[in-house]
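Got a few minutes to walk through a fold together? Have a look at the model below, then we'll go through some questions.

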Amino acid sequence: RAGKPRIMPKKKKEEVATAPLPPIDHAYVQALKIQNLEERNEALREEMRKLKDESAQGESDKTDVYEHMQRDLRSKSARIGELQRDLHDTRAQLEEAQKSKEAVLTKQREFFEEERARTAQEVQTLSNELLEVKAFQERRAVLEGELGELSKEVLELKGRHEVEVTDMQRETDLKYADVHTKCNAKLE
């Protein structure tokens with residue numbers, strides 16, 4: 001039983017004895033109600049007087065505000081007229097400036113269009129020249145390659161020719177020596 005809580009028995013409620021109420025005096029209760037209603041009526045009349053005063057003050061304030069707004073409206077209407085005239089003048093100046101800028105812009109467009117056409121023609125000419133240079137470089141590379149091969153062939157032929165000439169010289173020398181020996185042998 002160490003971990004379980006202990007349950008305590010419930011106490012019984014004690015009964016309270018109530019005394020009987022005395023009889024109600026209806027006339028007294030009616031007098032209290034009337035007095036309460038009269039006080040409430042007086043409070044409402046006072047509040048109504050305050051509301052009428054506030055309403056009268058509100059009407060006065062409303063008239064003052066209306067007159068102030070009328071004066072403000074007249075001054076603002078005059079200012080709007082001035083601003084509209086200024087706006088009209090400004091629009092006229094803006095249209096004038098736009099026409100001037102459009103004329104300048106048109107001239108610049110024409111100039112740049114002519115410049116673009118001229119530049120395009122130059123680019124086309126340079127592109128054609130570049131193609132010709134590339135074709136020339138390719139032909140040159142081919143010709144230089146062929147020249148190199150021909151130079152090698154010439155050197156090989158020259159070497160073979162020198163060998164042949166040397167061989168022929170040796171043969172001739174040998175034949176000459178043989179003929180010389182034969183001639184000497186016959187002369188002796």
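## Walking along the chain

The protein chain has one helix and zero strands. Keep in mind that this is a predicted model.

Q: What share of the 188 residues in the protein chain is buried?
A: To count as buried, a residue needs under 20% relative accessible area. Across the 188 residues of the protein chain, the buried share comes to 1%.

Q: How much of the accessible surface of the protein chain belongs to carbon and sulfur atoms?
A: The accessible surface adds up to about 19100 Å² for the protein chain. The part of that surface belonging to carbon and sulfur atoms is 58%.

Q: Which residues form a nonpolar patch on the surface, and what is their accessible area together?
A: The patch is made of Ile 24, Tyr 28, Val 29 and Leu 32. Val 29 sits in helix 1. Together, the four patch residues have an accessible area of about 390 Å².

Q: Is Val 29 buried, partly exposed or exposed?
A: Buried would need under 20% relative accessible area, and exposed would need over 50%. Val 29 has 31% relative accessibility, so Val 29 counts as partly exposed.

Q: Which residues form the negative surface patch?
A: Start from Glu 146, which is placed in helix 1, residues 26-187. Because its relative accessibility is 42%, Glu 146 counts as partly exposed. The negative patch on the surface consists of Glu 146, Glu 149, Glu 153 and Glu 156.

Q: How is the aromatic pair of Phe 111 and Phe 112 arranged: stacked, tilted or edge-to-face?
A: Searching the whole structure turns up one aromatic pair. In this pair, Phe 111 and Phe 112 are 5.4 Å apart centre to centre, with 65° between the planes. Planes over 60 degrees apart count as edge-to-face. That makes the arrangement of Phe 111 and Phe 112 edge-to-face.

Q: Which of these is exposed and which is partly exposed, Phe 111 or Phe 112?
A: The cut-off for exposed is over 50% relative accessible area. Phe 111 has 46%, so Phe 111 is partly exposed. With a relative accessible area of 53%, the exposed one is Phe 112.

Q: How many salt bridges does a search of the whole structure find?
A: One of them joins the side chains of Asp 178 and Lys 182, at 3.6 Å from N to O. Another links Glu 115 and Arg 118. For the whole structure, the search gives ten salt bridges.

Q: Which residue forms a salt bridge with Arg 118, besides Glu 115?
A: The side chains of Glu 115 and Arg 118 meet at 2.2 Å, N to O. Arg 118 itself is partly exposed, because its relative accessible area is 41%. In its other salt bridge, again with 2.2 Å between the closest N and O atoms, the partner of Arg 118 is Glu 122.

Q: Why are Arg 118 and Glu 122 separated by about one helical turn?
A: Both residues belong to helix 1. Arg 118 and Glu 122 are separated by about one helical turn because their spacing in helix 1 is four residues.

Q: How many residues apart are Asp 178 and Lys 182 in helix 1?
A: Asp 178 is partly exposed, because its relative accessibility is 41%. Along helix 1, Asp 178 and Lys 182 are about one turn apart, a spacing of four residues.

Q: Which residues do salt bridges that share partners join into one network?
A: Salt bridges can be linked through the partners they share. Here the network joins Glu 42, Glu 46 and Arg 49.

Conventions
Residues are numbered from 1 along each chain as its sequence is written. This is a predicted model: local features need pLDDT of at least 70, side-chain atom pairs count only at pLDDT 80 or more; totals for chains, interfaces and linings use all residues. Side-chain values use heavy atoms; hydrogens and water are left out. Patches are made of residues with over 30% relative accessible area and no salt bridge: like charges are joined within 9 Å, nonpolar side chains (Val, Leu, Ile, Met, Phe, Trp, Tyr) within 5 Å. Accessible areas come from the Shrake-Rupley method with a 1.4 Å probe; for residues, only the protein chains shown count as cover. Lys and Arg count as positive and Asp and Glu as negative; His and the chain ends are not counted. The place of a charge is taken as NZ of Lys, CZ of Arg, CG of Asp or CD of Glu. Helices (H or I, at least four residues) and strands (E, at least two) are DSSP runs, numbered from the N terminus. Buried means under 20% relative accessible area, exposed over 50%, partly exposed in between (1.4 Å probe, protein chains only). Rings of Phe, Tyr and Trp (its six-membered ring) pair if their centres lie within 6.5 Å; planes under 30 degrees apart count as stacked, over 60 as edge-to-face and the rest as tilted.
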